[in-house]
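Please read the points below slowly, with the sequence and the model side by side. They are meant as a colleague's comments for someone who is new to reading structures.

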Amino acid sequence: MKYNFDEIVDRRGTNSMNVEGFRGYIFGTYPGIEFPYTDDEFIRMWVADMEFSTAPEIIEAIKERADRKIFGYTNLYDDRYYRAFSAWCRKLYGWDFPQEQLVFTLGVVAALYELVGDLVPEGKKVLTLTPAYSYFLHAAEHNQRELVSSPLKKDAQGHFTIDWEDLEQKAADPDVAVLIFCNPHNPTGRIWTWEELDRLSQLIQKNDLWVISDEIHCDVLRSDRRHTPLGKVMPDYQKLVTCMSASKAFNLAGMMMSNIIVRDEALRNLMHFHETCDMNPLSIAAVQAAYEKGYDWLMELRAYLDANFDYMERFFAQRIPAAVVTKAEATYLAWIDMNQVLPGVEDLPLFFAQKAGVLLEGGNSLFVGNAKGYIRLNLAMPRSMLAKGLEHIAAAIEGYQA
Ligand SMILES: Cc1ncc(COP(=O)(O)O)c(C=O)c1O
């Protein structure tokens with residue numbers, strides 16, 4: 001390997017949400033909560049960023065831009081960024097889009113908040129599949145819109161599929177205006193097959209829905225997998241918005257720059273942020289470098305994550321066999337059914353924080369619904385850290401069961 005994913009990077013004192021922001025995010029309902037661990041002692045397997053350094057090519061590009069010394073008002077006035085990103089889309093997904101459709105936001109969540117407001121009239125509803133990333137719900141709530149959930153079906157092996165009958169019925173509600181679709185899916189790690197995407201596209205068209213395809217995890221796949229943008233399956237559908245970003249794959253969430261591909265011209269004109277927001281010059285340098293020079297690094301990251309998933313699956317099979325580990329085809333997040341392991345524990349993140357010194361997410365309050373008894377483990381970390389986190393999890397379970 002050319003890159004070192006075993007390096008432990010010290011994040012203390014960097015205002016990192018992962019390190020310093022966990023109390024509010026995971027334990028907001030327990031104000032003033034204390035733990036038998038100091039913040040430094042926790043093993044952090046929660047929020048979806050990585051314990052890995054970003055690619056050195058990206059750090060170099062940020063430094064080069066810093067050396068230009070001036071950080072005045074900035075926007076994209078040449079097409080180098082578009083050329084880099086569209087070449088990336090052609091190479092990785094066999095898909096492309098016209099330059100004028102590209103809009104930038106300060107993150108996908110910012111786009112969701114705006115889009116739900118723009119696309120869902122008062123009294124109309126948002127539809128999504130559950131379990132779901134909690135900000136799908138927050139985007140609806142922020143705009144005082146109702147969120148309708150269609151729970152995914154799961155089999156005994158922990159494989160998740162769409163409940164077509166349920167989804168078709170909910171999509172046919174004339175009050176449902178927009179579907180927020182997560183592709184690939186957080187937290188189950190599903191990569192939807194072409195057949196699933198095709199069936200979904202027919203359902204969207206039949207009901208004339210707007211669709212926001214949140215594809216933020218599209219580059220974090222197991223090495224033998226490929227991403228299919230929904231836009232590739234629906235090449236002519238105008239009511240589609242695709243959200244992509246280099247933030248997950250290259251650990252750039254704090255750079256706050258995402259690509260929102262909006263086909264509908266009237267919607268693009270309605271979206272006000274590109275008129276009121278300029279861009280961060282360091283973010284442009286970073287994200288452009290990711291698309292121009294990050295491919296080899298990303299392939300090594302994928303191989304490292306493949307091995308982390310193998311390690312975790314072997315560990316669970318040996319030490320916690322009653323857990324059902326969902327096969328993650330994408331993301332660095334493992335979605336694990338603990339219902340048979342800790343049936344009496346109501347709040348799993350609280351249990352593991354208190355008994356294992358491990359920060360993780362799980363359950364309905366963090367994943368909207370259809371998530372009771374599940375935990376989500378972030379595996380994007382050096383293997384030594386992962387091994388320690390898993391040991392702590394197993395020891396806490398053994399202690400509880402003893
Ligand atoms: C499905 C999904 N969408 C959006 C986000 C966050 O997007 P951003 O950081 O660009 O606001 C996440 C982060 O975990 C996510 O999992």
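The numbered points take up the ligand, the core, one buried residue and one sheet in turn.

1. Please keep in mind throughout that this is a predicted model. Around the ligand there are 13 residues, and the closest of them are Ala-48, Gly-107, Val-108, Val-109 and Tyr-133. By character, this shell consists of seven nonpolar residues, five polar ones and one charged.

2. The largest nonpolar core has 124 residues, and those with the most contacts inside it are Leu-112, Val-178, Ala-290, Ile-336 and Val-358. At least three residues of this core come from each of domain 1 (17-46 + 296-401) and domain 2 (58-293). In soluble globular proteins, nonpolar side chains tend to be buried together. When residues up to four places away in sequence are not counted, Val-358 touches several others, among them Phe-42, Ile-43, Phe-352 and His-392.

3. Is Val-368 buried or exposed? Val-368 is buried, because 22 other C-beta atoms lie within 10 Å, and 20 or more are needed for that label. Val-368 sits in the loop between helix H16 (364-367) and strand E15 (374-378), and, leaving aside neighbours within four places in sequence, its contacts include Thr-130, Phe-136 and Ser-149.

4. Four strands form an open sheet in the order E11-E12-E15-E14, with antiparallel pairing. Strand E11 (324-325) and strand E14 (361-362) are at the edges and each has a single partner strand, so one side of each lacks a neighbour in the sheet. E11 pairs with strand E12 (residues 333-337) over two bridges, and Val-324 stands opposite Asp-337 in E12.

Conventions: Residues numbered from 1 in each chain as written. Predicted model: local features only at pLDDT ≥ 70, side-chain atom pairs only at ≥ 80, totals over all residues. Near = placed C-beta within 6 Å. Nonpolar A, V, L, I, M, F, W, Y, C, P; charged D, E, K, R; others polar. Core = buried A, V, L, I, M, F, W, Y, C linked by C-beta atoms within 7 Å. Buried ≥ 20, exposed ≤ 12 C-beta atoms within 10 Å, placed from the backbone. Domains from an automatic or database assignment. Contact = placed C-beta atoms within 7 Å. Pairing = 2+ DSSP bridges.
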